[in-house]
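Work through the exercises below with the model open in a viewer. Each task is followed by a solution in steps.

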Amino acid sequence: MTELEWDAPDPLTPPLPGMPDPGSLPGLPIPPRPPATSRDRRLTERRRAALDAGRHPHTGALARPDLGTCGTCSALQRQEGVAGRYLKCGRFPALLTRGAATDVRASWPACGQWRPRE
Ligand code: SF4
């Protein structure tokens with residue numbers, strides 16, 4: 001099996017009707033293929049962007065670092081999973097799934113719903 005070049009015509013994706021085959025247009029700049037990113041990496045980048053914008057990554061609400069962190073909140077729960085333990089927020093049960101997208105980090109700044117542990 002031969003390796004396909006990026007600017008070679010893709011045999012599996014024919015050109016759209018009425019459009020020329022990009023491989024037949026000499027000199028046409030072909031944009032570089034964007035780097036492949038995993039779902040976990042995109043999730044990390046979204047969370048980092050939320051933190052940089054002063055938002056809580058789980059709730060999207062304004063982060064409140066003056067209150068504390070998720071690690072000191074009474075709503076923080078440990079969930080046992082197949083591959084380990086995960087931290088989840090019990091304050092918003094409607095937002096919970098068993099996936100990584102609803103995991104919270106103990107180090108994240110608190111949200112407005114933070115309550116101290118008793
Ligand atoms: S209520 Fe807010 S501060 Fe407390 S664990 Fe949930 S997201 Fe974190």
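The exercises go from the overall fold to single residues.

The structure is a predicted model, in which local features need pLDDT of at least 70 and side-chain atom pairs count only at pLDDT 80 or more, while totals for chains, interfaces and linings use all residues. Residue numbers start from 1 along each chain as its sequence is written.

**Exercise 1. Describe the secondary structure of the protein and the order of its elements.**

Step 1. Take helices (H or I, at least four residues) and strands (E, at least two) as DSSP runs, numbered from the N terminus. The protein then has one helix and two strands.
Step 2. Read from the N terminus, the order is α-β-β.

**Exercise 2. Compare the span of helix 1 with the expected value, and state how many of its residues are buried.**

Step 1. The expected span of a helix is 1.5 Å times one less than its number of residues. For the 14 residues of helix 1 this should give 20 Å.
Step 2. The end C-alpha atoms of helix 1 are 20 Å apart, which agrees.
Step 3. A residue is buried if 20 or more other C-beta atoms lie within 10 Å of its own, exposed if 12 or fewer, and partly exposed in between, with C-beta atoms placed from the backbone. The number of buried residues in helix 1 is zero, so the helix lies largely in the open.
Step 4. For the whole protein, 12% of the 118 residues count as buried.
Step 5. Glycine 54 follows helix 1 and has a positive phi, near 80°.

**Exercise 3. Work out how strand 1 and strand 2 are arranged.**

Step 1. Two strands pair if DSSP finds at least two bridges between them. Strand 1 and strand 2 (residues 85-89) are joined by five bridges and run antiparallel.
Step 2. In strand 2, tyrosine 86 stands opposite glutamine 79, and leucine 87 stands opposite arginine 78.
Step 3. The two strands form a hairpin with four residues between them. Glycine 84, in the turn, has a positive phi of about 150°.

**Exercise 4. Is leucine 62 buried or exposed? Is tryptophan 108 buried or exposed?**

Step 1. Leucine 62 sits in the loop between helix 1 (39-52) and strand 1 (76-80). Because it has 12 other C-beta atoms within 10 Å, leucine 62 is exposed.
Step 2. Two residues are in contact if their C-beta atoms, placed from the backbone, lie within 7 Å. Not counting residues up to four places away in sequence, leucine 62 touches Gly54, Arg55 and Gly112.
Step 3. Tryptophan 108 belongs to the segment after strand 2. Tryptophan 108 has 21 other C-beta atoms within 10 Å and is therefore buried.
Step 4. Leaving aside neighbours within four places in sequence, tryptophan 108 is in contact with His56, Pro57, Thr69 and Cys70.
Step 5. The C-alpha atoms of tryptophan 108 and proline 65 are separated by 8.2 Å, although these residues are 43 apart along the chain.

**Exercise 5. Which residues make up the largest nonpolar core?**

Step 1. A nonpolar core is a set of buried Ala, Val, Leu, Ile, Met, Phe, Trp, Tyr and Cys residues joined through C-beta atoms within 7 Å.
Step 2. The largest such core has nine residues: Ala63, Cys70, Cys73, Cys89, Val104, Trp108, Ala110, Cys111 and Trp114.
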